[in-house]
Amino acid sequence: MTAMEYIKNILTGKKHLSSFQIIIAGFLIVILIGSFLLMMPFSSSNGEFTPFLSSLFTATSATCVTGLVVFDTATHWSLFGQAVILLLIQIGGMGVVTIAIAIAIISGKKIGLLQRSTLQDAISAPSVGGIIRLTGFIIKSTALIEVTGAILLFPAFCRDFGFLKGIWYSLFHSVSAFCNAGFDLMGHREQFSSLTSYSGSGYINLIIMSLIIIGGIGFLTWDDVRHNGIHFRKYRMQSKVILTMALVLIVLPFLVFFFGEFSSPVWDGMTLWEKFWAALFQAVTPRTAGFNTVDLSLFSEAGKTIMIILMLIGGSPSSTAGGMKTTTVAVLFLNLFSVFKRKEDAECFGRRLENDTVKYAAATLLMYLACSLTGGIIISYVENLPILTCLFETASAIGTVGLTLGLTPQLGLISRIILIVLMFLGRVGCLTLVYAAFSGKQGNISRLPKEKITVG
């Protein structure tokens, strides 16, 4: 059976897979097709075959909207290879299932309950009702935002790279920023330099940051904003939590970086204005965009640790961003406050949280910490590198961020495989993989006797 026939069977419901298995299968198929295309000689700038593992790494990073690379995107890949990467970013950012359902809708196919249920799980929608309308909103919003971003970037890139290249660079970086991917084409100036040449440009910084934030807040939240406007009280509790956390996780890191990190003598060569933009950009990009405007290897250990935390937190549900999600962290803190107040349930904005939500949040946190720590420790042993440097790379991978201290291109086979696995886990979700593995298995409906265990 070909890949296209497999996808067709999924869409038509002939494959009896769970929603979680369909999501994982969809991402795997796209990654493998992308790997095959990137291996071909016409995908590289030198006209030679690219090794499979390097192609697989790049395809996984693009589809999982991560941004970690083993080759500089601008200099190694041809225009065709860059186009393949951009297509993978777009598919991965919006979601494989979302794209597949959108194609089915355009082609006039009837969308059954299985497809709607799968789409609900893929975009973390609250219910199946109105899911097709929401999909239409996602497609239209994505196109509008990315085109607008490209138009705004064009004057600067046209000035720096010429008319035709300016068009391509504007589109590529707009899509990459909105999808929180972190891929860039600035390698012709300096390989693996990201946006460091624009560190003092408030115009470029503001556009890229805006695209990152809009993509990372999530489509469900923007749908809420569209319907309720500035009436914050009418928003769903989830939207209120997301917007509040987004603000907190931008302002606090910015203040720490500006008054702490960039007050170091290392950054004395920068003006106050450049430090302002650098601090703000580095506060935004770890969740989970992957662009950088300064050399992150110059950050202190405290600064790198803060970035690791931000990378693990990530963006919001139903967004183009990865990570544990801001709502996960919010739920855990709300539960902490409820323990302090000796309340039975966690509360937020006049509502009570379900206990299952707290359990899922705790499980998600534990799995992300376990995966990133395990991967970092193994890479540290294999490569004989400092543990903090390795944890930065693994947090970047599982958070689908793409920020690096320059370590990724130098890693060996085992370390690259670990990062590939972490990127995939981060994009599809650790719990999604567990649910897919245990789909179809009946749980035991009997309940054991309770017994207390002392914690804390």
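**Entry 1. Terms and overview**

I count as a helix a DSSP run of H or I with at least four residues, and I number the helices from the N terminus. I note at the outset that the model is predicted. I looked up the secondary structure of the protein and found 19 helices and two strands. The protein has 456 residues, and I recorded that 53% of them are buried. I then looked up the contacts with a separation of 6 or more, and 68% of these join residues 24 or more positions apart. The protein exposes about 21500 Å², and I noted that carbon and sulfur atoms supply 66% of this area.

**Entry 2. A salt bridge in helix H16**

I began the charged pairs with Lys359 and Asp356. Their side chains form a salt bridge, with the closest N and O atoms 3.7 Å apart. A salt bridge requires these atoms to be within 4 Å, and the value of 3.7 Å for Lys359 and Asp356 was the one I checked against that limit. Why are Lys359 and Asp356 separated by about one helical turn? I found that they are separated in this way because they lie three residues apart in helix H16, which covers residues 355-383. In general, an α-helix has 3.6 residues a turn, so residues three or four places apart point the same way. I also looked up the accessibility of both partners. Lys359 is exposed at 55% relative accessible area, whereas Asp356 is partly exposed at 38%.

**Entry 3. Leu365 in the same search**

I stayed in helix H16, where Leu365 is placed. With a relative accessible area of 29%, Leu365 is partly exposed. Leaving out residues up to four places away in sequence, I found that Leu365 touches Met324 and Leu332. I recorded that Leu365 and Leu332 are 33 residues apart in sequence, while their C-alpha atoms are 9.0 Å apart in space.

**Entry 4. Further salt bridges**

How many salt bridges does the rule give? I obtained a count of seven. I looked at Arg226 and Asp223, whose side chains meet in a salt bridge at 2.8 Å, N to O. They are three residues apart in helix H11 (residues 219-228), so about one helical turn separates them. I noted that Asp223 is buried, with a relative accessible area of 5%, whereas Arg226 is partly exposed at 46%. Arg133, Asp223 and Arg226 are linked in a network of salt bridges.

I then turned to Arg159 and Asp160. Their side chains form a salt bridge of 2.9 Å, N to O. Arg159 is exposed, at 61% relative accessible area, and Asp160 is partly exposed, at 29%.

**Entry 5. A charged residue without a partner**

I looked up Lys275, which is in helix H13 (residues 272-284). Is Lys275 buried or exposed? I found Lys275 buried, yet without a salt bridge. The nearest side chain of opposite charge is that of Asp268, 4.4 Å away. A salt bridge is counted within 4 Å, and therefore the 4.4 Å between Lys275 and Asp268 does not qualify. Apart from neighbours within four places in sequence, Lys275 is in contact with Phe258, Phe262, Trp267, Asp268 and Met270.

**Entry 6. The largest nonpolar core**

I next examined the largest nonpolar core, which has 116 residues. Which of its residues touch the most other members? I recorded Ile89, Ile208 and Phe262. I followed Ile208 further and, setting aside residues up to four places away in sequence, found contacts with Leu153, His173, Ala177, Leu195, Phe281 and Phe291. As general background, nonpolar side chains tend to be buried together in soluble globular proteins.

**Entry 7. Helices H3 and H5**

Helix H3 covers residues 52-63 and has 12 residues. From its first C-alpha to its last, H3 reaches 16 Å, close to the expected 16 Å. I found H3 mostly covered, with 10 of its 12 residues buried; among them are Ser54, Leu56, Phe57 and Ala62. What do the buried residues of H3 pack against? I noted helix H2 (19-39), helix H5 (79-94) and helix H18 (413-428). Just after H3, Val65 takes a positive phi of about 40°.

I then compared H5 with its own expected span. H5 has 16 residues and reaches 23 Å, close to the 22 Å expected. H5 is also mostly covered, as 12 of its 16 residues are buried. The buried residues of H5 include Ile89, which I had met in the nonpolar core. Just after H5, I found that Gly95 takes a positive phi of about 105°.

Methods: Residues numbered from 1 in each chain as written. Predicted model: local features only at pLDDT ≥ 70, side-chain atom pairs only at ≥ 80, totals over all residues. Heavy atoms only, no water. Expected span 1.5 Å × (residues − 1). Buried < 20%, exposed > 50% of the residue type's maximum accessible area, 1.4 Å probe, protein only. Contact = heavy atoms within 4.5 Å. Core = buried A, V, L, I, M, F, W, Y, C linked by side-chain atoms within 4.5 Å. Lys, Arg positive; Asp, Glu negative; His and termini not counted. Areas by Shrake-Rupley, 256 points an atom, 1.4 Å probe, with all protein chains shown as cover.
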